[in-house]
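Q: I would like a close look at a single part of this model, with the surroundings described as far as they help to place it. Please keep to what can be read from the coordinates.

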Amino acid sequence: MQHTPSIARLGDDALLIRFANTISWEVGTRVRAAAAGIRAMEIESVTDVVPAYTTIAVYFDSARITLDSIVDTIASVVNTNASVVADSSAIVEIPVRYDGPDLDDVAERTGLTVRDVIARHSSRTYRAYMSGFVPGFAYLGDLDPLLIVARRSVPRLRVPAGSVAIAAAQTAVYPFETPGGWHLIGSTTLRMFDVARNPPALIRAGDTVRFIPTDA
Amino acid sequence: MSGLADRDSGLALNALLGNDPNAAMIEWAVAGGVLRFERDASVAFGGADAICALNRAPLQARVVYHVPWGSELQIERIVRGRFLLIAIAGGIDVPIILGSRSTLLSARIGGAEGRRLRTGDSIATGIAVSRVGGDVPLATAARNSGPVHVTSGPQADLFDDLGWSEFLGAEFIVSIASDRVGYRLDGLTLSHTGDTAFPSEPTCIGAIQVPNGGSPIVIMNDGPTVGGYPKIAVICKSEMSRFAQLAPGEKLRFELTR
């Protein structure tokens, strides 16, 4: 049974549509389909449509359109459960050197050997639930339940670009050097975001992702 | 996201110079410096209150000056506010990336190779499209004082009546730990009730996030696009420019509208 999505205001220039309160791939698929549907309407004055795990934000120019008017316009797309677009079928393979500074710590916290941590991380096929944080950062799931550890209590001020990391049931690659609280287990030399590419992001929401262990 | 923190002053300066509203300009923070002009230009500055001079002659904010080749614009210091804006007729000639001329430091995108300007950089200007002399926008001449207006945020319900009255009654202080990513506010740690674990969701400029047992953080222009902290309120768009100009140590209160 699908819940009727709720709509909340997000400041003067955005609204937030909530489809559920807990993460699941089914909800994510519905979110991405609805976001694609809203984008396809090409509503003038809508400046961006951003899908996340269970929500979509619609950003608009409040000088030209009211929140109520947008809600009316998108109601049919939001309330029907039609999969307007099939999910992306792209498969992204990421070579990883498992040399992260938190590898030993993760092994200790999970009670696994380092070899086992690497095997469990690299043997899964992940899906990109959403993009966010910084350009090119894709939230991938689901992690092997035995690898689940809480975020670091003190985030690092600088996580190197290309770091492969885990936190809770998620894994991700940091596209740029940024602060970050995830556990760093490896690194890749792939560029996760490059404005010279089209699209610039290597991984997009809906994609399938595999990590390939490498010694290089 | 991204773009000028004091958007209103930027729009006013571009209008004053006859520029496109989205023409790029220089956002100048913290220290003083000198800009040397290697061609004739028309310039105006605004945003933060600053002491500036052209070839040692003092200048006024929000006035267009015709600057001959070889001149030096001295930025002595910022006296009030945070971001001095220096706009040039024709704008700064930087590439449009993903539909924007903004610089995003975290992604190394835009402007001067995605980084801050530094001494010795050469800055190309665009071609002025119209002669100066249009209406002078006064939007930034006098800034509002008084409480910063907010609307209630998507997780407003996680804060009970007591939490809300504390939030609206408190005097907050802009923390030294604040930059274009976010401003941390000292003065009150808010606690929320109920289940605060929810999946990360989109956020926006001006969203007031409340981490567990912590000081509120206001998302600024270069902030994250998503976040999992409860958003008690969102600063009104018309108040964001003035809020962005609050320097560390300055005090503010919030008032709920509508």
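What is the relative accessible area of B:Arg108, and how is this residue classed on the scale from buried to exposed?

A: The model is predicted, and the values below are computed from it. B:Arg108 has a relative accessible area of 41% and is classed as partly exposed, because that class takes in what lies between the 20% limit for buried and the 50% limit for exposed. The residue sits in the loop between β6 and β7 of chain B. Its backbone has a positive phi of about 55°, although B:Arg108 is not a glycine.

The loop from β6 (72-88) to β7 (148-152) of chain B also holds B:Leu98. Phi of B:Leu98 is positive too, near 50°, again in a residue other than glycine. B:Leu98 has 58% relative accessibility and therefore counts as exposed.

Another residue leads from chain A towards chain B. Among the residues that A:Val134 touches, leaving aside those up to four places away in sequence, is B:Ser106. The other partners of A:Val134 in that list are A:Pro175, A:Phe176 and A:Thr178. A:Val134 itself lies in the loop between β6 and β7 of chain A, and it counts as buried because its relative accessibility is 9%. Its C-alpha atom is 10 Å from that of A:Glu177, a residue 43 places away along the chain.

The contact between the chains can now be taken as a whole. Chain A contributes 32 residues and chain B 27 residues. Together the two chains bury about 2100 Å², and carbon and sulfur atoms account for 63% of it. On the chain A side, the most area is lost to chain B by A:Arg9, A:Leu10 and A:Asp12, which together make up 23% of what that side buries. There are two salt bridges between chain A and chain B. A salt bridge joins the side chains of B:Lys237 and A:Asp13, with an N to O distance of 3.2 Å. Polar contacts link six residue pairs across the two chains, counting pairs with both residues at pLDDT 80 or more. On the side of chain A that touches chain B, the elements giving two or more residues are β2, β4 (55-60) and β6 (125-131) of chain A. The largest share comes from β4(A), with three residues. By type, the residues on this side divide into 17 nonpolar, nine polar and six charged.

A hairpin of chain A comes next. Strand β1 (residues 6-9) and strand β2 (residues 14-18) of chain A pair in the antiparallel sense over four bridges. A:Arg9 has A:Leu15 of β2(A) as its bridge partner. Four residues stand between the strands of this hairpin, and A:Gly11 has a positive phi near 75° there.

Chain A also has two cis peptide bonds to note. One joins A:Gly141 and A:Asp142, with omega about -5°; A:Asp142 is in the loop between β7 (138-141) and β8 (156-159) of chain A. A cis bond also joins A:Asn198 and A:Pro199, with omega about -5°, and A:Pro199 belongs to the loop between β12 (183-187) and β13 (208-213) of chain A.

Back in chain B, strand β6, where the loop of B:Arg108 begins, helps to cover a helix. The buried residues of α1(B) are covered by elements that include β3 (41-54) and β6 of chain B. Within α1 (residues 7-16), the buried residues are B:Ser9, B:Gly10, B:Ala12, B:Leu13, B:Asn14 and B:Leu16. Residues three or four places apart in an α-helix point the same way, because there are 3.6 residues a turn. Just after α1(B), B:Gly18 has a positive phi of about 75°.

At the other end of the loop, β7 of chain B is part of an open sheet of eight strands with mixed pairing, in the order β15-β8-β9-β12-β11-β14-β7-β16. The edge strands are β15 (251-252) and β16 (254-256) of chain B, each pairing on one side only. Further along in that order, β9 (residues 182-186) and β12 (residues 217-219) of chain B run antiparallel and are joined by three bridges. B:Gly182 has B:Ile219 of β12(B) as its bridge partner.

Key
Residues are numbered from 1 along each chain as its sequence is written. Chains are lettered from A and ligands numbered from 1 in the order in which they are written. This is a predicted model: local features need pLDDT of at least 70, side-chain atom pairs count only at pLDDT 80 or more; totals for chains, interfaces and linings use all residues. Side-chain values use heavy atoms; hydrogens and water are left out. Buried means under 20% relative accessible area, exposed over 50%, partly exposed in between (1.4 Å probe, protein chains only). Contact means heavy atoms within 4.5 Å. Two strands pair if DSSP finds at least two bridges between them. Buried area is the accessible area (1.4 Å probe) that two parts lose on being put together, summed over both. A salt bridge is a side-chain nitrogen of Lys or Arg within 4 Å of a carboxyl oxygen of Asp or Glu. A polar contact is a pair of N or O atoms within 3.5 Å; within protein, one must be able to donate a hydrogen and the other to accept it, and residues adjacent in sequence count only if both atoms are side-chain atoms. Ala, Val, Leu, Ile, Met, Phe, Trp, Tyr, Cys and Pro count as nonpolar, Asp, Glu, Lys and Arg as charged, and the others, Gly among them, as polar.
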